[in-house]
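Here's a quick briefing to read alongside the model. Have the viewer open and follow the topics below.

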Amino acid sequence: MKMRFPGLIAVLFGLAAASAEASELDSPVPADPAAAVFKLSARDGTGRLKFGSAVLVAPARLLTTCHVVRDAETIQVHRGAARLTAKPDFVDIEHDLCVLSAPDLLAAVTAEIATPGELKVGDEVLAVGYPKGGKLAASKGNLKALHRYGAVRVLQVSAPFDSGQSGGALFDSTGRLVGITAFKTLSGGDFHFALAFDGINEQELNRQASVPQNVGHKVAFWERAAHAQPLFLRAASLEADQEWKALLGVAQQWTASDGTNSASWLALWRAFSSLKRDRDADLALLRAEALN
């Protein structure tokens, strides 16, 4: 796969400079993937304002993370001086995926979507969004691991992103959308996570849906207490905090329950290596390489 990030980043920041003009909403630049990335502001009933990002994935349909908009009474889409109204059409709080309807973006350029399953561990990725409600930002990195939670693929990446970029775009090296940026560990490092776009299907994007009164879950899977999180998230947090003995226990549980996932064996390898159990580490690494 040919690396294209230097030129892509230059284009993205060219858009950031141009986005001060509201006319950009009427005549976006089709060749620029960032034309499909928007800033969001969500205001709850107490007046508290929360910023995030969103990606236009179908005409008048924005994909974002639910934790940005789930408590909102009003949602606005920003591009330069323009302020457009958006409303939730599809809500899946547990998986942190929400679709917003924004009729004023019916003619705006949509993101080019990558084919599900094309992205492989080690591939280059680019995270694009609006950190802290500020200007457009882009950062590059690699796909570190692929995980699954229910129907959603979770992408672990080294491309850093900050508060306000949740719901922003994760592009591959050709500028195609592979997911939306979602959350990270407090320790930083290579522990930033995105949600693959294929967790939302075409029917949910295009229907005129009504949001159910009782959405079931009040928090996303990654917001739960540590003991209730998926094993891959527990392992990531322990590795980020360098708690190797605890990581060993979680990694052993993970390999026992999901032994076909190379990431589980790599977590076990890192735990054994850090605890100086070299023979066990070598065996775990062999299992991971065989799966890859």
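The buried residues of helix H7 pack against helix H6, which covers 262-274. Keep in mind that this is a predicted model. Around that helix pair sits a chain with seven helices and 12 strands in total, and the strands include a closed barrel of six.

**Helix H7**
- H7 runs over residues 278-291, so to speak a 14-residue helix.
- From first C-alpha to last, H7 reaches 20 Å, close to the 20 Å expected at 1.5 Å a residue.
- Ala-281, Ala-284 and Ala-288 are buried in H7.
- Looking down the axis of H7, you'd find its buried residues within an arc of 65°, so they line one face of the helix.
- The background is simple: an α-helix has 3.6 residues a turn, so residues three or four places apart point the same way.
- Flip to the other side of H7 and you get Arg-279, Leu-286 and Ala-290, which are exposed.

**The barrel**
- Going round the closed barrel, the six strands come in the order E1-E2-E3-E6-E5-E4, and the pairing is antiparallel.
- From one strand to the next, the twist averages 40°.
- E1 (residues 37-43) pairs with E4 (residues 74-79) in the antiparallel sense, over five bridges.
- If you want a spot to click on, try Ala-42, which stands opposite Ile-75 in E4.

**A loop residue: Thr-185**
- Thr-185 is found in the loop between strand E11 (177-184) and strand E12 (192-196).
- Is Thr-185 buried or exposed? Its relative accessibility is 10%, and buried means under 20%, so Thr-185 counts as buried.
- Setting aside neighbours within four places in sequence, Thr-185 is in contact with Phe-191, Phe-193, Ala-236, Ser-237 and Ala-240.

**Whole-chain numbers**
- The chain has 292 residues, and buried residues make up 52% of them.
- Take the contacts in the chain with a separation of 6 or more: residues 24 or more positions apart account for 60% of those.
- The accessible surface of the chain comes to about 13400 Å².
- Carbon and sulfur atoms hold 52% of that accessible surface.

How values were computed
Residues are numbered from 1 along each chain as its sequence is written. This is a predicted model: local features need pLDDT of at least 70, side-chain atom pairs count only at pLDDT 80 or more; totals for chains, interfaces and linings use all residues. Side-chain values use heavy atoms; hydrogens and water are left out. Helices (H or I, at least four residues) and strands (E, at least two) are DSSP runs, numbered from the N terminus. The expected span of a helix is 1.5 Å times one less than its number of residues. Buried means under 20% relative accessible area, exposed over 50%, partly exposed in between (1.4 Å probe, protein chains only). The arc is that of the directions from the helix axis to the C-beta atoms. Contact means heavy atoms within 4.5 Å. Accessible areas come from the Shrake-Rupley method with a 1.4 Å probe; for residues, only the protein chains shown count as cover. Two strands pair if DSSP finds at least two bridges between them. Axes are lines fitted to C-alpha atoms, for helices over the stretch in contact, and angles run from 0 to 180 degrees between N-to-C directions.
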